[in-house]
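Me: I am new to this structure and would like a close look at one part of it, with the terms explained as they come up. Please begin with a single residue and its surroundings, and then lead me on from there.

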Amino acid sequence: MNPSVQKTLRLADDAPGHARAAAILRDGGLVALPTETVYGLGGDARNDMAVARIFEAKGRPRFNPLIVHVDSVARAQSFVEWSEAADRLAQAFWPGPLTLVLPLRTDAGLSPLVTANLPTLAIRLPAHPVARRLLSEFGGPVAAPSANPSGRISPTTADHVRAGLDGRIAAVLDGGACDVGLESTIIGLGDTPALLRPGGLPLGPIEAALGRTLAHHGADDPLVAPGQMASHYAPGARVRLGATTAAPDELLLGFGPMACDLNLSASGDLTEAAANLFGHLHALDARAPAGIAVAPVPDTGLGLAINDRLRRAAAPR
Ligand code: TXA
Ligand code: MG
């Protein structure tokens, strides 16, 4: 199966669509699937060939491990050493936009490519009904990074997936637009619970559920999620942050009441801004400007994750 010459099927969210998607996963093929955060590029996490195809289709460096998606807490517990902290967070936020990094069980039976040989595994129980239906119909662990070419903007619709990966994957299961719009928050549950990546679940409720504050690691700390390269989520256009007006060759992405080409949220709502972030970046980039100027977004709540993605989109490439 050469990843560059397949015909990518668009599957509907109905019984034949799910049956076909599950059959492709069983055969070691790749299916992009909607989750509430972003679309994931799914493959059987136990199958070395399937996992190798994920890295190949995305052009992703092999040292960057993948998140495994499951349909139940019991299935998660069969892959990782569960803990009391994991239980608290899973009770409070699963299914939902939260990924837990826990010690990998020795009997997990996953492809070593999934974890890039780390002793830990990132695992998540997504809330999206289409993802949950496919995960249960498949009945096994699905490794799924965001369904975009490595380093580019994450996909929040089936069309975004097609624009980036058409011809490189077997199918995309179309579940409409993702409501959260930002990838999951990643929490490492080693000796000290730590934020490894800000994301679609804000930190306040996580700290409340744990009954303690989270450690934050610096960007060059080896404990930080290894895939968080400085330059990521990059559109073709260069990105300039903190802008109030656009230069003549730029398009302006606004926030709050202002004149602009597209607005993340005219009312200044961070949840709406998160849901629009990647879609608006895709839409502005499709107009092929030299640059995209982005208005300031407050650094609170979901704004932390929005600004994290914007900084990486603007980083030198
Ligand atoms: O919302 C999401 O999390 C989406 C959907 C599809 O589930 N997935 C996603 O995957 O964002 P990806 O591959 O784009 O980002 C996964 C991040 C990477 O930064 C990776 O380095 C980190 O998770 N990661 C995976 N396994 C890890 C581990 N064992 N320890 C620390 N970080 C890990
Ligand atoms: Mg990604």
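Reply: Leucine 110 touches Ala45, Arg46, Val68, Phe79, Leu104, Leu121 and Pro141, when residues up to four places away in sequence are not counted, a contact being heavy atoms within 4.5 Å. This is a predicted model, in which local features need pLDDT of at least 70 and side-chain atom pairs count only at pLDDT 80 or more, while totals for chains, interfaces and linings use all residues. Residues are numbered from 1 along each chain as its sequence is written, chains are lettered from A and ligands numbered from 1 in the order in which they are written, and side-chain values use heavy atoms, with hydrogens and water left out.

Leucine 110 lies in the loop between strand E5 (98-103) and strand E6 (120-124), where helices (H or I, at least four residues) and strands (E, at least two) are DSSP runs numbered from the N terminus. With a relative accessibility of 15%, leucine 110 counts as buried; the word stands for under 20% relative accessible area, exposed for over 50%, and partly exposed for what is in between (1.4 Å probe, protein chains only). One of its partners, valine 68, is 42 residues away in sequence, yet the two C-alpha atoms are 9.5 Å apart in space.

The loop between E5 and E6 also holds alanine 116, which has a positive phi of about 50° although it is not a glycine. Most residues other than glycine have a negative phi, and most peptide bonds are trans. Alanine 116 has a relative accessible area of 23%, so it is partly exposed.

On the other side of E5 in sequence, proline 95 lies in the loop between H4 and E5, and the peptide bond leading to proline 95 from tryptophan 94 is cis, with omega near -5°.

From there the path leads to helix H4 (residues 84-93), in which Ala86, Leu89, Ala90 and Phe93 are buried. These four cover an arc of only 100° around the axis, which puts them on the same side of H4, the arc being that of the directions from the helix axis to the C-beta atoms. Glu84 and Gln91, on the other side of H4, are exposed. The buried residues of H4 pack against E5, strand E9 (185-189) and H7.

The pairing of H4 with helix H7 (residues 203-210) can be followed further: their axes come within 9 Å and cross at roughly 130°. Axes here are lines fitted to C-alpha atoms, for helices over the stretch in contact, and angles run from 0 to 180 degrees between N-to-C directions. H4 is therefore oblique to H7, since angles under 35 degrees count as roughly parallel, over 145 as roughly antiparallel, 65 to 115 as roughly perpendicular and the rest as oblique. The crossing of H4 past H7 is right-handed; a crossing is left-handed if the near helix is turned anticlockwise from the far one by less than a right angle, and right-handed if clockwise. In this contact, Ala85, Arg88, Leu89, Ala92 and Phe93 of H4 meet Pro205, Ile206, Ala209 and Leu210 of H7. By class, the residues of the contact of H4 with H7 are 8 nonpolar, no polar and 1 charged, where Ala, Val, Leu, Ile, Met, Phe, Trp, Tyr, Cys and Pro count as nonpolar, Asp, Glu, Lys and Arg as charged, and the others, Gly among them, as polar.

A second pair, helix H1 (residues 15-26) and helix H5 (residues 129-138), packs at an angle of about 55°, with the axes 9 Å apart. That angle makes H1 oblique to H5, and H1 passes H5 in a right-handed crossing. The residues of the contact of H1 with H5 divide into 8 nonpolar, 1 polar and 3 charged.

Within H5, Val130, Ala131, Leu134, Leu135 and Phe138 are buried. Because they cover an arc of only 130° around the axis, they are on the same side of H5. The buried residues of H5 pack against several elements, including H1, strand E3 (40-44) and strand E4 (67-69). After H5 comes glycine 139, whose phi is positive, near 75°.
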